[in-house]
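This briefing is intended for a reader who has the sequence and the coordinates at hand. Please keep both in view while reading the points below.

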Amino acid sequence: MKKSQSHIGNVLHYINGQFVESVSGRAFSNLNPFNNVPINEVAEGFAEDIGLAVAAARRAFDEGPWRTMRVNERMKYIIRIAELIEKYAEDISYLESLDSGLPIAQTKKQAERAAANFRFYAEMVKTRLVGESYQVDNSFINYTIHKPVGVAGLITPWNAPFMLATWKVAPTLATGNTCVLKPAEWSPLTANKLAEIIHEAGLPPGVFNVVHGYGETCGAPLVAHPDVQLISFTGETTTGSAIIKNGSDTLKRVSMELGGKSPAIVFEDADLDTALDAVVWQIFSFNGERCTANSRLLIHESIHDPFVDRLKDRLRNIIVGDPQDPATEVGPLIHREHYNHVNRYIGTARNEGAEVISASIPDGLSAGNYVAPTLILNANNQMTVAQEEIFGPVLTVIPFSTEEEALRMANDSKYGLAGYVWTNDMKRGHRMAQQLECGMVWVNSQNVRDLRTPFGGTKASGIGREGGHYGFDFYTETQIIHVALDEQHIPAFGKKAAR
């Protein structure tokens, strides 16, 4: 049974353990992408609200018990958050679908993955946040420890808002930092639910804070604030570049997971049934709003035509509909502004001479931000739609003749987030994977995440790695301590000679 949105209250900031209005009293409307009807009002944060949140996080770090708490005690809070996420999984799934337009069949997995993030870091901190020791004869023992850095500013996107927020919040809190979360303004509902969950978990006030608002007026003050030491951002590359510039005056540590234009390379000897399933899933699930989507399909010329025919068949059968319907496979895009953005790229493809084939959108959905699943054919790698990130259900198909040509085209991009290689020749699979200029490669698989492994990109796709113990380099400060074990000969400068 479809739920009604009428019971959803307005969203407030969460600062110092309390839900509060903005200092200015201002709010903005949060729209349902299915029909562009307002869901609720959201408190609009500005520099004053960021100041209060950062001050609370700073006090909680400097004076509160969080960073000095025994690890086992702190992990009890982290596990409690995971348990509450599982308890409210159905609510989270509903809110995520309502707010973002993601099909509810896909958002159901987000709560599970979010809980796993917290459980994973509760274990990882106990088992992998370890130091090293270096003995120098019987003279010195040198050892390292990891310490929390301070206040983290976490700026999260709208395409998988709950799961991606927990991906940052979990390691931040587990390592003893405090934080201010600035969620995307187009998807505030599950960030608010996370605040409610953390409040129920009983974390000390100020350890976790949420301020809602727009990037220019809320995110920018967070980035520039001198009491924030860490900025973790997931989003568009141009914004990431601006964040790095704005945080440079205060020498902030940054972690950037940015845009992508990831290729799927399908060779003639691949398992074509599985490759077809994966290529379709990777571009049309999440409404195409996925940073690791295989938005470029590079396919060997000998199988191009039959593979494209099968893509067209799949396109005709994709279920476009109400995101609250469990049968829906593709829902509306997050916002009208993004809908216009994606449609401009489709128009550009036509203007550049490509063939555009789109599925049909059922009647009754015209009020929503629906872009039909789309193929762009007769394309080449120099076209705008092959070089720029569209971030929608649009797949650009490009043939290749040789392995060298496929590799050249795959790497001919300013982005370097992910890549996919499909071949039954595993020598070629390894060879291609290692030559692709990207942070992550899957061979004969769709994007399957292992939380133990690093996540991140190269080139314009980001800076740094999160995931597993790799994130500890970002979320903790490594300190080296040198201890003398015997009497040291120290030059006695300035000491008068004995008479």
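The points that follow cover the annotated features, the nonpolar cores, the surface, the backbone and the salt bridges.

The model is predicted. UniProt, in an unreviewed entry, places the feature "domain: Aldehyde dehydrogenase" at residues 19-480, and an unreviewed entry there also lists Glu257 for "active site". The largest nonpolar core holds 49 residues, and a second, separate core holds 46. The structure has 16 salt bridges.

**Annotated domain and site**

- The span of residues 19-480, to which UniProt assigns the domain feature, is 41% helix and 20% strand.
- The C-alpha atoms at the two ends of residues 19-480 are 40 Å apart.
- Glu257, the residue given by UniProt for "active site", is found in strand β11, which covers residues 253-257.
- Is Glu257 buried or exposed? Glu257 counts as buried because its relative accessibility is 10%, and the cut-off for that class is under 20%.
- When neighbours within four places in sequence are left aside, the contacts of Glu257 are Phe233, Thr234, Gly235, Cys291, Leu417, Phe455 and Ser461.

**Nonpolar cores**

- In soluble globular proteins, nonpolar side chains tend to be buried together.
- Which residues touch the most other members of the largest nonpolar core? They are Val266, Phe284, Leu297, Leu311, Leu395 and Val397, out of 49 residues in that core.
- Helix α9, spanning residues 272-284, supplies the largest share of this core, with 7 residues.
- Val266 is in contact with Leu272, Ala275 and Val279, among others, once neighbours within four places in sequence are set aside.
- The further contacts of Val266 on that basis include Leu297, Leu298, Ile299, His300 and Ile303, together with Phe400 and Trp422.
- Phe118, Leu194, Ile197 and Phe208 are among the members of a second, separate core of 46 residues.

**Surface and long-range separation**

- Tyr143, Val483 and Leu485 make a nonpolar surface patch of about 230 Å².
- Within this patch, Tyr143 comes from strand β6, residues 140-148.
- Tyr143 has a relative accessible area of 32% and is therefore partly exposed; patch membership requires over 30%.
- Asp249 belongs to the loop that links α8 (237-247) and β11 (253-257).
- Asp249 is exposed, since its relative accessible area is 75%.
- Asp249 and Arg428 are 179 residues apart along the chain, and their C-alpha atoms are separated by 46 Å.

**Backbone exceptions**

- Most residues other than glycine have a negative phi.
- Asn16 is not a glycine, yet has a positive phi of about 55°.
- Asn16 is placed in the loop between β1 (13-15) and β2 (18-20), and its relative accessibility of 32% makes it partly exposed.
- Lys459, likewise not a glycine, has a positive phi of about 50°.
- Lys459 lies in strand β20, residues 458-459, and is partly exposed at a relative accessible area of 39%.

**Salt bridges**

- Among the 16 salt bridges of the structure, one joins Arg58 to Asp62, with 3.1 Å between the closest N and O atoms.
- Arg58 and Asp62 both belong to helix α1, residues 47-62, where they are 4 residues apart, about one turn of the helix.
- The two partners fall into separate accessibility classes: Arg58 is buried at 16%, whereas Asp62 is partly exposed at 41%.
- Glu73 and Lys76 form another salt bridge, with the closest N and O atoms also 3.1 Å apart.
- Why are Glu73 and Lys76 separated by about one helical turn? The reason is that they are 3 residues apart in helix α2, residues 71-87.
- Glu73 counts as partly exposed at 35% relative accessibility, while Lys76 is exposed with a relative accessible area of 53%.
- The side chains of Lys182 and Glu185 also meet in a salt bridge, at 3.3 Å from N to O.
- Lys182 has a relative accessible area of 4% and is therefore buried.

How values were computed:
Residues are numbered from 1 along each chain as its sequence is written. This is a predicted model: local features need pLDDT of at least 70, side-chain atom pairs count only at pLDDT 80 or more; totals for chains, interfaces and linings use all residues. Side-chain values use heavy atoms; hydrogens and water are left out. Patches are made of residues with over 30% relative accessible area and no salt bridge: like charges are joined within 9 Å, nonpolar side chains (Val, Leu, Ile, Met, Phe, Trp, Tyr) within 5 Å. Accessible areas come from the Shrake-Rupley method with a 1.4 Å probe; for residues, only the protein chains shown count as cover. A salt bridge is a side-chain nitrogen of Lys or Arg within 4 Å of a carboxyl oxygen of Asp or Glu. Buried means under 20% relative accessible area, exposed over 50%, partly exposed in between (1.4 Å probe, protein chains only). A nonpolar core is a set of buried Ala, Val, Leu, Ile, Met, Phe, Trp, Tyr and Cys residues joined through side-chain atoms within 4.5 Å. Contact means heavy atoms within 4.5 Å. UniProt positions are given in the numbering used here, feature names are shortened, and annotations may be inferred rather than shown by experiment.
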